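Visitor: I'm new to reading protein structures. Could you walk me through one?

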Amino acid sequence: MYGAWTPDQIRAAEQRLFARTPEPQVMRRAAYAVAVHAARLLDESTGAVTGRHATLLVGAGNNGGDALWAGAFLRRRGAGVTAVLLSPDKAHPAGLAALRKAGGRVVEAEGPSADTAGIGAEAADAVERADVVVDGIVGLSARGGLRPVAAELVRRVTAPVVAVDLPSGVDPLTGAVDGPAVSADVTVTFGGYRPCHVLGAGVVHSGRVEVADIGLDDFLADPELYLLEDAEVGACWPVPSASDDKYSQGVVGIAAGSATYPGAAVLAGGAAVQATSGMVRYAGPAADVVRAHWPEVVATGSVSDAGRVQAWAVGPGIGTGGSGREVLRHVLEAGVPVCADADSITLLAEDPTLWDARDPDTPLVLTPHAGEFARLAGEVGADRVSAVREVAARYDAVVLLKGNTTVVAAPDGRVLVNSARQSWPATAGSGDVLTGLIGALLAAGIDPWAACGFAGLVHSRAGLLAATGGAGADAVGAPIGASALLASVPDAIRAVRAEAV
(Lines give C-alpha, C1' and ligand atoms only; values in the text may rest on other atoms or scores of the structure.)
Protein backbone atom coordinates (compact mmCIF):
# COMPACT_ATOMS: atom_id res chain seq x y z
CA MET A 1 0.00 0.00 0.00
CA TYR A 2 0.92 3.62 -0.33
CA GLY A 3 -0.66 6.60 1.38
CA ALA A 4 -2.11 10.08 1.26
CA TRP A 5 -1.51 12.63 4.01
CA THR A 6 -3.61 15.59 5.14
CA PRO A 7 -2.29 19.18 5.01
CA ASP A 8 -1.89 19.18 8.81
CA GLN A 9 0.19 15.99 8.64
CA ILE A 10 2.35 17.46 5.88
CA ARG A 11 2.90 20.71 7.78
CA ALA A 12 3.90 18.81 10.93
CA ALA A 13 6.37 16.71 8.94
CA GLU A 14 7.77 19.84 7.30
CA GLN A 15 8.45 21.46 10.66
CA ARG A 16 10.40 18.42 11.79
CA LEU A 17 12.30 18.42 8.49
CA PHE A 18 13.12 22.14 8.80
CA ALA A 19 14.70 21.47 12.19
CA ARG A 20 17.28 19.36 10.36
CA THR A 21 17.45 21.01 6.92
CA PRO A 22 17.06 24.77 6.35
CA GLU A 23 13.70 25.65 4.82
CA PRO A 24 15.18 27.50 1.79
CA GLN A 25 17.14 24.38 0.87
CA VAL A 26 13.99 22.25 1.06
CA MET A 27 12.09 24.77 -1.07
CA ARG A 28 14.77 24.67 -3.75
CA ARG A 29 14.55 20.86 -3.83
CA ALA A 30 10.80 21.10 -4.33
CA ALA A 31 11.12 23.79 -6.99
CA TYR A 32 13.77 21.82 -8.85
CA ALA A 33 11.35 18.87 -9.08
CA VAL A 34 8.65 21.19 -10.45
CA ALA A 35 11.12 22.55 -13.01
CA VAL A 36 12.16 19.04 -14.10
CA HIS A 37 8.56 18.03 -14.79
CA ALA A 38 7.75 21.34 -16.46
CA ALA A 39 10.77 20.90 -18.75
CA ARG A 40 9.68 17.34 -19.50
CA LEU A 41 6.19 18.55 -20.38
CA LEU A 42 7.67 21.25 -22.59
CA ASP A 43 9.79 18.69 -24.39
CA GLU A 44 6.82 16.35 -24.83
CA SER A 45 4.52 19.05 -26.19
CA THR A 46 6.93 21.22 -28.21
CA GLY A 47 10.07 19.13 -28.71
CA ALA A 48 12.39 21.47 -26.81
CA VAL A 49 12.97 23.52 -23.66
CA THR A 50 15.41 26.11 -24.92
CA GLY A 51 13.61 28.93 -26.69
CA ARG A 52 10.21 28.00 -25.31
CA HIS A 53 8.23 30.12 -22.86
CA ALA A 54 7.02 29.25 -19.35
CA THR A 55 4.46 31.40 -17.53
CA LEU A 56 4.20 31.20 -13.76
CA LEU A 57 0.90 32.00 -12.04
CA VAL A 58 2.17 33.11 -8.65
CA GLY A 59 0.13 33.62 -5.49
CA ALA A 60 1.23 34.40 -1.96
CA GLY A 61 3.11 31.97 0.25
CA ASN A 62 5.35 28.99 -0.34
CA ASN A 63 3.51 27.55 -3.35
CA GLY A 64 4.15 30.81 -5.15
CA GLY A 65 7.76 30.64 -3.95
CA ASP A 66 8.12 27.12 -5.36
CA ALA A 67 6.81 28.38 -8.71
CA LEU A 68 9.26 31.30 -8.72
CA TRP A 69 12.25 29.11 -7.91
CA ALA A 70 11.10 26.61 -10.57
CA GLY A 71 11.02 29.50 -13.02
CA ALA A 72 14.62 30.36 -12.14
CA PHE A 73 15.69 26.78 -12.89
CA LEU A 74 13.78 26.80 -16.19
CA ARG A 75 15.40 30.09 -17.16
CA ARG A 76 18.80 28.48 -16.68
CA ARG A 77 17.70 25.73 -19.05
CA GLY A 78 17.21 28.37 -21.75
CA ALA A 79 13.46 28.89 -21.50
CA GLY A 80 11.91 32.32 -21.39
CA VAL A 81 10.03 32.81 -18.12
CA THR A 82 7.39 35.32 -17.06
CA ALA A 83 5.95 35.37 -13.55
CA VAL A 84 2.43 36.78 -13.24
CA LEU A 85 2.00 37.98 -9.65
CA LEU A 86 -1.54 37.79 -8.28
CA SER A 87 -0.53 39.29 -4.92
CA PRO A 88 2.56 41.41 -5.67
CA ASP A 89 2.98 42.61 -2.07
CA LYS A 90 2.96 39.01 -0.79
CA ALA A 91 5.14 37.30 -3.37
CA HIS A 92 7.89 35.12 -1.90
CA PRO A 93 10.92 37.48 -1.66
CA ALA A 94 13.71 34.93 -2.11
CA GLY A 95 11.93 33.20 -4.97
CA LEU A 96 11.28 36.52 -6.67
CA ALA A 97 14.93 37.53 -6.30
CA ALA A 98 16.11 34.20 -7.70
CA LEU A 99 13.89 34.52 -10.77
CA ARG A 100 15.02 38.06 -11.48
CA LYS A 101 18.67 37.10 -11.04
CA ALA A 102 18.22 34.28 -13.57
CA GLY A 103 16.79 36.75 -16.09
CA GLY A 104 13.10 36.03 -15.64
CA ARG A 105 10.45 38.67 -16.26
CA VAL A 106 7.91 39.74 -13.63
CA VAL A 107 4.49 41.33 -14.31
CA GLU A 108 1.43 41.99 -12.21
CA ALA A 109 -1.85 40.26 -12.94
CA GLU A 110 -3.74 43.53 -12.68
CA GLY A 111 -1.07 45.72 -14.23
CA PRO A 112 -1.38 48.67 -16.62
CA SER A 113 -3.91 48.67 -19.46
CA ALA A 114 -6.17 46.16 -17.75
CA ASP A 115 -8.97 44.79 -19.90
CA THR A 116 -12.63 44.55 -18.91
CA ALA A 117 -11.89 41.39 -16.89
CA GLY A 118 -9.25 43.24 -14.86
CA ILE A 119 -6.26 41.46 -16.43
CA GLY A 120 -3.23 43.59 -17.31
CA ALA A 121 -2.04 43.54 -20.91
CA GLU A 122 1.35 42.06 -20.04
CA ALA A 123 -0.22 39.34 -17.91
CA ALA A 124 -2.71 38.45 -20.64
CA ASP A 125 0.11 38.25 -23.20
CA ALA A 126 2.20 36.03 -20.92
CA VAL A 127 -0.63 33.55 -20.48
CA GLU A 128 -1.64 33.50 -24.13
CA ARG A 129 1.87 32.88 -25.50
CA ALA A 130 2.92 30.34 -22.87
CA ASP A 131 4.20 26.93 -23.95
CA VAL A 132 3.78 25.66 -20.39
CA VAL A 133 2.10 27.16 -17.32
CA VAL A 134 3.17 26.56 -13.72
CA ASP A 135 0.29 26.85 -11.24
CA GLY A 136 1.55 28.30 -7.96
CA ILE A 137 -1.60 30.25 -7.12
CA VAL A 138 -2.64 28.69 -3.80
CA GLY A 139 -1.42 25.96 -1.46
CA LEU A 140 -2.69 23.43 1.06
CA SER A 141 -4.44 26.02 3.23
CA ALA A 142 -6.78 27.22 0.49
CA ARG A 143 -10.50 26.53 0.37
CA GLY A 144 -13.10 27.22 -2.30
CA GLY A 145 -12.80 28.21 -5.93
CA LEU A 146 -10.35 30.67 -7.41
CA ARG A 147 -10.89 34.39 -7.00
CA PRO A 148 -12.07 36.28 -10.10
CA VAL A 149 -8.71 37.51 -11.44
CA ALA A 150 -7.01 34.13 -10.92
CA ALA A 151 -10.03 32.38 -12.43
CA GLU A 152 -9.89 34.61 -15.51
CA LEU A 153 -6.18 33.96 -16.01
CA VAL A 154 -6.72 30.22 -15.71
CA ARG A 155 -9.64 30.39 -18.15
CA ARG A 156 -7.30 31.84 -20.78
CA VAL A 157 -4.67 29.12 -20.44
CA THR A 158 -4.30 26.87 -23.48
CA ALA A 159 -0.83 25.47 -22.75
CA PRO A 160 -0.13 22.34 -20.65
CA VAL A 161 -0.19 23.02 -16.91
CA VAL A 162 2.10 21.83 -14.11
CA ALA A 163 0.54 22.36 -10.67
CA VAL A 164 2.67 22.83 -7.56
CA ASP A 165 1.46 20.43 -4.83
CA LEU A 166 -2.20 20.58 -5.89
CA PRO A 167 -4.33 22.19 -8.60
CA SER A 168 -5.46 25.59 -7.32
CA GLY A 169 -9.18 25.69 -6.55
CA VAL A 170 -9.41 22.01 -5.55
CA ASP A 171 -10.18 21.37 -1.88
CA PRO A 172 -7.04 19.79 -0.35
CA LEU A 173 -8.95 17.46 1.98
CA THR A 174 -11.91 16.31 -0.10
CA GLY A 175 -10.94 16.83 -3.73
CA ALA A 176 -14.17 18.78 -4.18
CA VAL A 177 -14.33 21.61 -6.71
CA ASP A 178 -16.66 24.43 -5.75
CA GLY A 179 -16.03 27.08 -8.35
CA PRO A 180 -13.26 27.80 -10.87
CA ALA A 181 -10.21 25.55 -10.55
CA VAL A 182 -7.06 24.58 -12.40
CA SER A 183 -7.04 21.41 -14.46
CA ALA A 184 -3.43 20.27 -14.48
CA ASP A 185 -1.72 17.92 -16.87
CA VAL A 186 0.85 17.11 -14.18
CA THR A 187 0.79 17.80 -10.45
CA VAL A 188 4.13 17.69 -8.64
CA THR A 189 3.69 17.00 -4.95
CA PHE A 190 6.21 16.38 -2.20
CA GLY A 191 6.75 13.38 0.06
CA GLY A 192 3.44 11.68 -0.69
CA TYR A 193 -0.04 12.07 -2.08
CA ARG A 194 -2.59 14.48 -0.63
CA PRO A 195 -6.27 13.49 -0.27
CA CYS A 196 -7.21 15.84 -3.13
CA HIS A 197 -5.10 13.77 -5.53
CA VAL A 198 -7.19 10.64 -4.95
CA LEU A 199 -10.67 11.91 -4.05
CA GLY A 200 -13.55 13.42 -5.97
CA ALA A 201 -13.00 15.80 -8.84
CA GLY A 202 -9.44 16.27 -7.66
CA VAL A 203 -8.48 12.98 -9.32
CA VAL A 204 -9.20 14.43 -12.75
CA HIS A 205 -8.01 17.99 -12.00
CA SER A 206 -4.65 16.69 -10.73
CA GLY A 207 -3.76 14.94 -13.98
CA ARG A 208 -0.69 12.75 -13.61
CA VAL A 209 0.62 13.04 -10.04
CA GLU A 210 4.38 12.93 -9.57
CA VAL A 211 5.71 12.54 -6.00
CA ALA A 212 9.08 14.24 -5.45
CA ASP A 213 11.43 13.25 -2.63
CA ILE A 214 12.40 16.35 -0.63
CA GLY A 215 13.32 14.51 2.59
CA LEU A 216 9.84 14.31 4.20
CA ASP A 217 9.58 10.53 4.27
CA ASP A 218 11.32 10.09 7.64
CA PHE A 219 8.97 12.56 9.33
CA LEU A 220 5.55 11.50 8.05
CA ALA A 221 3.05 9.93 10.43
CA ASP A 222 0.74 7.09 9.37
CA PRO A 223 -1.21 8.22 6.30
CA GLU A 224 -4.79 9.43 6.49
CA LEU A 225 -5.74 7.28 3.50
CA TYR A 226 -4.36 4.07 2.05
CA LEU A 227 -4.24 3.14 -1.63
CA LEU A 228 -3.62 -0.26 -3.17
CA GLU A 229 -1.24 -1.08 -5.98
CA ASP A 230 -1.96 -3.67 -8.66
CA ALA A 231 1.02 -5.77 -7.65
CA GLU A 232 -0.12 -6.01 -4.04
CA VAL A 233 -3.63 -7.07 -5.02
CA GLY A 234 -2.20 -9.59 -7.47
CA ALA A 235 0.12 -11.06 -4.85
CA CYS A 236 -2.72 -11.45 -2.33
CA TRP A 237 -5.49 -12.62 -4.66
CA PRO A 238 -6.50 -16.19 -3.64
CA VAL A 239 -5.56 -18.90 -6.14
CA PRO A 240 -5.57 -22.66 -5.59
CA SER A 241 -2.48 -24.36 -4.17
CA ALA A 242 -1.46 -27.98 -4.66
CA SER A 243 -3.26 -29.00 -1.46
CA ASP A 244 -6.54 -27.13 -2.11
CA ASP A 245 -9.92 -28.50 -3.04
CA LYS A 246 -13.24 -26.79 -3.73
CA TYR A 247 -14.11 -26.58 -0.04
CA SER A 248 -10.76 -25.42 1.32
CA GLN A 249 -10.78 -22.37 -0.95
CA GLY A 250 -14.04 -21.09 0.49
CA VAL A 251 -17.72 -21.63 -0.25
CA VAL A 252 -19.72 -18.44 -0.78
CA GLY A 253 -23.49 -18.15 -0.63
CA ILE A 254 -25.28 -15.73 -2.97
CA ALA A 255 -28.76 -14.53 -1.99
CA ALA A 256 -29.83 -12.21 -4.79
CA GLY A 257 -32.39 -11.64 -7.52
CA SER A 258 -35.95 -12.79 -7.96
CA ALA A 259 -38.01 -14.78 -10.43
CA THR A 260 -39.11 -11.56 -12.13
CA TYR A 261 -35.68 -9.90 -12.03
CA PRO A 262 -33.07 -12.66 -12.14
CA GLY A 263 -30.26 -10.48 -13.53
CA ALA A 264 -28.85 -9.55 -10.13
CA ALA A 265 -28.52 -13.23 -9.26
CA VAL A 266 -26.76 -14.06 -12.52
CA LEU A 267 -24.31 -11.15 -12.15
CA ALA A 268 -23.51 -11.61 -8.45
CA GLY A 269 -23.26 -15.39 -8.77
CA GLY A 270 -21.14 -15.12 -11.91
CA ALA A 271 -18.76 -12.68 -10.23
CA ALA A 272 -18.24 -15.11 -7.36
CA VAL A 273 -17.51 -17.90 -9.86
CA GLN A 274 -14.99 -15.72 -11.73
CA ALA A 275 -13.31 -14.43 -8.56
CA THR A 276 -12.04 -17.62 -6.94
CA SER A 277 -11.80 -21.36 -7.55
CA GLY A 278 -13.87 -22.53 -4.60
CA MET A 279 -17.61 -23.22 -4.63
CA VAL A 280 -20.59 -20.93 -5.14
CA ARG A 281 -24.00 -21.74 -3.68
CA TYR A 282 -26.96 -19.73 -4.93
CA ALA A 283 -30.15 -19.53 -2.89
CA GLY A 284 -33.27 -17.87 -4.24
CA PRO A 285 -36.11 -17.85 -6.75
CA ALA A 286 -33.81 -17.33 -9.75
CA ALA A 287 -32.14 -20.72 -9.29
CA ASP A 288 -33.06 -22.08 -12.73
CA VAL A 289 -31.76 -18.99 -14.54
CA VAL A 290 -28.52 -19.03 -12.53
CA ARG A 291 -27.97 -22.72 -13.37
CA ALA A 292 -28.51 -21.97 -17.05
CA HIS A 293 -25.84 -19.26 -17.03
CA TRP A 294 -23.45 -20.82 -14.53
CA PRO A 295 -23.82 -24.63 -14.38
CA GLU A 296 -21.00 -24.86 -11.82
CA VAL A 297 -23.14 -23.03 -9.23
CA VAL A 298 -24.99 -25.22 -6.72
CA ALA A 299 -28.42 -23.58 -6.78
CA THR A 300 -31.37 -24.03 -4.44
CA GLY A 301 -34.63 -22.20 -3.97
CA SER A 302 -34.14 -20.79 -0.47
CA VAL A 303 -31.40 -19.76 1.93
CA SER A 304 -32.53 -22.37 4.43
CA ASP A 305 -31.67 -25.12 1.91
CA ALA A 306 -28.36 -23.68 0.75
CA GLY A 307 -26.03 -25.72 2.94
CA ARG A 308 -22.90 -24.54 4.69
CA VAL A 309 -20.99 -21.51 3.43
CA GLN A 310 -18.03 -19.51 4.69
CA ALA A 311 -19.61 -16.16 3.73
CA TRP A 312 -22.79 -14.69 2.30
CA ALA A 313 -23.34 -11.98 -0.31
CA VAL A 314 -26.90 -10.75 0.04
CA GLY A 315 -29.18 -8.05 -1.24
CA PRO A 316 -29.14 -7.29 -4.97
CA GLY A 317 -32.67 -7.76 -6.26
CA ILE A 318 -34.12 -9.55 -3.22
CA GLY A 319 -36.76 -6.85 -2.74
CA THR A 320 -37.65 -4.84 0.32
CA GLY A 321 -40.80 -6.71 1.29
CA GLY A 322 -41.36 -9.51 3.79
CA SER A 323 -39.53 -12.21 1.83
CA GLY A 324 -36.42 -10.05 1.37
CA ARG A 325 -36.48 -9.21 5.06
CA GLU A 326 -36.54 -12.88 6.04
CA VAL A 327 -33.70 -13.72 3.66
CA LEU A 328 -31.56 -10.99 5.19
CA ARG A 329 -32.45 -12.05 8.72
CA HIS A 330 -31.47 -15.66 8.01
CA VAL A 331 -28.14 -14.62 6.49
CA LEU A 332 -27.28 -12.29 9.38
CA GLU A 333 -27.99 -15.07 11.86
CA ALA A 334 -25.71 -17.55 10.05
CA GLY A 335 -22.58 -16.56 11.98
CA VAL A 336 -20.36 -16.07 8.91
CA PRO A 337 -19.07 -12.87 7.24
CA VAL A 338 -21.73 -11.05 5.23
CA CYS A 339 -21.54 -8.59 2.36
CA ALA A 340 -24.85 -6.70 2.38
CA ASP A 341 -25.71 -4.63 -0.70
CA ALA A 342 -28.62 -2.91 -2.42
CA ASP A 343 -32.01 -4.02 -1.00
CA SER A 344 -30.29 -5.33 2.14
CA ILE A 345 -29.09 -1.82 2.96
CA THR A 346 -32.56 -0.38 2.40
CA LEU A 347 -34.02 -3.04 4.70
CA LEU A 348 -31.45 -2.33 7.42
CA ALA A 349 -32.22 1.38 7.17
CA GLU A 350 -36.00 0.82 7.38
CA ASP A 351 -36.09 -1.91 10.03
CA PRO A 352 -33.66 -1.42 12.96
CA THR A 353 -34.68 -4.79 14.43
CA LEU A 354 -32.75 -6.52 11.66
CA TRP A 355 -29.50 -5.35 13.25
CA ASP A 356 -30.35 -7.54 16.25
CA ALA A 357 -30.16 -10.64 14.04
CA ARG A 358 -26.50 -10.02 13.34
CA ASP A 359 -23.91 -12.12 15.10
CA PRO A 360 -21.78 -9.37 16.70
CA ASP A 361 -18.61 -11.48 16.43
CA THR A 362 -18.73 -11.89 12.64
CA PRO A 363 -17.73 -9.28 10.06
CA LEU A 364 -20.30 -7.25 8.16
CA VAL A 365 -19.60 -5.36 4.94
CA LEU A 366 -22.01 -2.70 3.67
CA THR A 367 -21.63 -1.53 0.06
CA PRO A 368 -23.99 1.42 -0.52
CA HIS A 369 -24.11 3.85 -3.38
CA ALA A 370 -24.80 7.47 -2.42
CA GLY A 371 -28.58 7.04 -2.33
CA GLU A 372 -28.44 3.95 -0.13
CA PHE A 373 -25.90 5.66 2.10
CA ALA A 374 -28.35 8.54 2.57
CA ARG A 375 -30.98 6.10 3.80
CA LEU A 376 -28.58 4.80 6.43
CA ALA A 377 -26.99 8.03 7.60
CA GLY A 378 -28.10 11.08 5.62
CA GLU A 379 -26.49 12.71 2.61
CA VAL A 380 -22.82 11.93 2.05
CA GLY A 381 -21.76 15.53 1.41
CA ALA A 382 -18.42 16.68 0.02
CA ASP A 383 -16.31 14.99 2.72
CA ARG A 384 -16.86 11.38 1.72
CA VAL A 385 -14.05 10.06 3.89
CA SER A 386 -15.40 11.50 7.16
CA ALA A 387 -18.93 10.38 6.32
CA VAL A 388 -17.94 6.78 5.59
CA ARG A 389 -15.60 6.59 8.57
CA GLU A 390 -18.40 7.72 10.91
CA VAL A 391 -20.89 5.15 9.59
CA ALA A 392 -18.34 2.33 9.81
CA ALA A 393 -17.75 3.14 13.48
CA ARG A 394 -21.47 3.54 14.20
CA TYR A 395 -22.43 0.14 12.78
CA ASP A 396 -19.18 -1.71 13.58
CA ALA A 397 -18.97 -2.67 9.91
CA VAL A 398 -16.68 -2.20 6.95
CA VAL A 399 -18.39 0.32 4.69
CA LEU A 400 -17.61 0.64 0.97
CA LEU A 401 -19.11 3.76 -0.58
CA LYS A 402 -19.37 3.27 -4.32
CA GLY A 403 -18.45 5.93 -6.82
CA ASN A 404 -15.75 6.86 -9.28
CA THR A 405 -13.53 6.98 -6.21
CA THR A 406 -14.40 4.05 -3.96
CA VAL A 407 -13.99 4.79 -0.25
CA VAL A 408 -13.64 1.87 2.18
CA ALA A 409 -13.66 2.50 5.93
CA ALA A 410 -13.07 -0.01 8.72
CA PRO A 411 -14.63 0.38 12.18
CA ASP A 412 -11.21 1.26 13.62
CA GLY A 413 -10.95 4.32 11.35
CA ARG A 414 -8.64 3.01 8.62
CA VAL A 415 -9.67 4.25 5.19
CA LEU A 416 -8.70 2.83 1.84
CA VAL A 417 -9.52 4.52 -1.47
CA ASN A 418 -9.48 3.29 -5.05
CA SER A 419 -9.41 6.11 -7.57
CA ALA A 420 -10.43 5.41 -11.15
CA ARG A 421 -9.64 7.87 -13.91
CA GLN A 422 -12.50 6.45 -15.94
CA SER A 423 -16.17 5.75 -15.29
CA TRP A 424 -16.89 2.70 -17.43
CA PRO A 425 -18.34 0.67 -14.49
CA ALA A 426 -21.09 3.31 -14.05
CA THR A 427 -23.71 0.98 -15.49
CA ALA A 428 -26.71 -0.91 -14.15
CA GLY A 429 -25.72 -4.20 -12.54
CA SER A 430 -22.03 -3.45 -12.02
CA GLY A 431 -22.66 -3.16 -8.28
CA ASP A 432 -24.02 -6.71 -8.31
CA VAL A 433 -20.72 -7.85 -9.80
CA LEU A 434 -18.82 -6.07 -7.02
CA THR A 435 -20.99 -7.78 -4.39
CA GLY A 436 -20.15 -11.21 -5.79
CA LEU A 437 -16.45 -10.42 -5.86
CA ILE A 438 -16.42 -9.28 -2.23
CA GLY A 439 -18.46 -12.28 -1.09
CA ALA A 440 -16.06 -14.71 -2.74
CA LEU A 441 -13.02 -13.02 -1.17
CA LEU A 442 -14.66 -13.09 2.27
CA ALA A 443 -15.32 -16.82 1.86
CA ALA A 444 -11.65 -17.29 0.94
CA GLY A 445 -10.66 -15.77 4.28
CA ILE A 446 -9.51 -12.34 3.12
CA ASP A 447 -9.79 -9.57 5.74
CA PRO A 448 -13.03 -7.66 5.02
CA TRP A 449 -11.38 -4.24 4.66
CA ALA A 450 -8.78 -5.65 2.29
CA ALA A 451 -11.40 -7.73 0.46
CA CYS A 452 -13.32 -4.57 -0.38
CA GLY A 453 -10.16 -2.89 -1.61
CA PHE A 454 -9.08 -5.88 -3.70
CA ALA A 455 -12.53 -6.29 -5.22
CA GLY A 456 -12.89 -2.58 -5.93
CA LEU A 457 -9.57 -2.42 -7.76
CA VAL A 458 -10.22 -5.54 -9.88
CA HIS A 459 -13.76 -4.33 -10.61
CA SER A 460 -12.38 -1.03 -11.91
CA ARG A 461 -9.73 -2.78 -14.01
CA ALA A 462 -12.33 -5.13 -15.47
CA GLY A 463 -14.49 -2.18 -16.52
CA LEU A 464 -11.54 -0.54 -18.27
CA LEU A 465 -10.53 -3.76 -20.02
CA ALA A 466 -14.07 -4.38 -21.20
CA ALA A 467 -14.53 -0.82 -22.48
CA THR A 468 -11.25 -0.73 -24.38
CA GLY A 469 -11.21 -4.30 -25.63
CA GLY A 470 -8.21 -4.98 -23.42
CA ALA A 471 -6.16 -2.13 -24.87
CA GLY A 472 -5.80 -0.20 -21.61
CA ALA A 473 -6.18 3.29 -20.18
CA ASP A 474 -4.83 5.24 -23.16
CA ALA A 475 -7.11 3.56 -25.69
CA VAL A 476 -10.45 4.82 -26.93
CA GLY A 477 -13.25 2.98 -25.13
CA ALA A 478 -16.92 2.30 -25.72
CA PRO A 479 -19.78 2.05 -23.22
CA ILE A 480 -20.27 -1.37 -21.67
CA GLY A 481 -22.89 -3.25 -19.74
CA ALA A 482 -22.37 -5.19 -16.53
CA SER A 483 -22.20 -8.48 -18.46
CA ALA A 484 -19.15 -7.24 -20.37
CA LEU A 485 -17.53 -6.08 -17.13
CA LEU A 486 -18.20 -9.49 -15.58
CA ALA A 487 -16.66 -11.28 -18.56
CA SER A 488 -13.47 -9.23 -18.11
CA VAL A 489 -12.98 -10.13 -14.44
CA PRO A 490 -10.56 -13.02 -15.19
CA ASP A 491 -8.50 -10.77 -17.45
CA ALA A 492 -8.35 -8.14 -14.69
CA ILE A 493 -7.18 -10.72 -12.16
CA ARG A 494 -4.54 -11.97 -14.60
CA ALA A 495 -3.35 -8.41 -15.13
CA VAL A 496 -2.86 -7.64 -11.45
CA ARG A 497 -1.28 -11.03 -10.82
CA ALA A 498 1.15 -10.37 -13.66
CA GLU A 499 2.22 -7.17 -11.88
CA ALA A 500 3.14 -9.25 -8.83
CA VAL A 501 5.48 -11.57 -10.73
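Visitor: Is the crossing of helix 17 and helix 19 left-handed or right-handed?

Guide: Right-handed is the answer for helix 17 and helix 19. Keep in mind that this is a predicted model.

Visitor: What do people use to describe a pair like that?

Guide: Two packed helices are described by the angle between their axes and the distance between the axes. Here, helix 17 (residues 448-468) and helix 19 (residues 489-500) pack at about 115 degrees, and their axes are 8 Å apart. Helix 17 is therefore roughly perpendicular to helix 19.

Visitor: Which residues make the contact between them?

Guide: From helix 17 come Leu457, Val458, Arg461, Ala462 and Leu465, and from helix 19 come Val489, Asp491, Ala492, Ile493 and Val496. Sorted by class, the contact of helix 17 with helix 19 has eight nonpolar residues, no polar ones and two charged ones.

Visitor: Why do the contact positions in a helix skip along the chain?

Guide: An α-helix has 3.6 residues a turn, so residues three or four places apart point the same way. Try that idea on another pair: in helix 16, Ser430, Val433, Leu434, Leu437, Ile438, Leu441 and Leu442 meet residues of helix 17. The helix 17 partners are Pro448, Ala451, Cys452, Phe454, Ala455, Gly456 and His459. By class, the contact of helix 16 with helix 17 has 11 nonpolar, three polar and no charged residues.

Visitor: And at what angle do helix 16 and helix 17 pack?

Guide: About 135 degrees, with the axes of helix 16 (residues 430-443) and helix 17 lying 9 Å apart. That makes helix 16 oblique to helix 17. The crossing of helix 16 and helix 17 is right-handed.

Visitor: Can we practise on one more pair?

Guide: Sure, go to helix 2 (residues 23-46) and helix 3 (residues 61-76). Their axes come within 7 Å and cross at roughly 60 degrees, so helix 2 and helix 3 are oblique to each other. Helix 2 passes helix 3 in a right-handed crossing. On the helix 2 side, the contact residues include Met27, Ala31, Val34, Ala35 and Ala38, while those of helix 3 include Trp69, Phe73 and Leu74. In the contact of helix 2 with helix 3, 12 residues are nonpolar, two are polar and three are charged.

Visitor: Now loops. Where does Pro425 lie, and is Pro425 buried or exposed?

Guide: Pro425 lies in the loop between strand 18 (415-419) and helix 16. A residue counts as buried under 20% relative accessible area, and Pro425, at 17%, is therefore buried. Leaving out residues up to four places away in sequence, Pro425 touches Ser430, His459, Ser460, Gly463 and Leu485.

Visitor: How many residues of helix 13 are buried?

Guide: Six of the eight residues in helix 13 (residues 343-350) are, so the helix is mostly covered. They are Asp343, Ser344, Ile345, Thr346, Leu347 and Leu348. Those buried residues pack against several elements, including helix 12 (322-332), strand 14 (338-340) and helix 14 (370-377).

Visitor: Let's zoom out. What does the whole chain look like?

Guide: The chain has 19 helices and 18 strands, and its C-alpha atoms fill a box of roughly 80 × 50 × 40 Å. Buried residues make up 57% of the 501 residues. For a chain of 501 residues, a compact globule would have a radius of gyration near 23 Å, and the 26 Å of this chain agrees with that. Among contacts with a separation of 6 or more, 70% join residues 24 or more positions apart.

Terms used:
Residues are numbered from 1 along each chain as its sequence is written. This is a predicted model: local features need pLDDT of at least 70, side-chain atom pairs count only at pLDDT 80 or more; totals for chains, interfaces and linings use all residues. Side-chain values use heavy atoms; hydrogens and water are left out. Axes are lines fitted to C-alpha atoms, for helices over the stretch in contact, and angles run from 0 to 180 degrees between N-to-C directions. Helices (H or I, at least four residues) and strands (E, at least two) are DSSP runs, numbered from the N terminus. Angles under 35 degrees count as roughly parallel, over 145 as roughly antiparallel, 65 to 115 as roughly perpendicular and the rest as oblique. A crossing is left-handed if the near helix is turned anticlockwise from the far one by less than a right angle, and right-handed if clockwise. Contact means heavy atoms within 4.5 Å. Ala, Val, Leu, Ile, Met, Phe, Trp, Tyr, Cys and Pro count as nonpolar, Asp, Glu, Lys and Arg as charged, and the others, Gly among them, as polar. Buried means under 20% relative accessible area, exposed over 50%, partly exposed in between (1.4 Å probe, protein chains only). The radius of gyration is taken over C-alpha atoms; the globule rule is 2.2 Å times the number of residues to the power 0.38.
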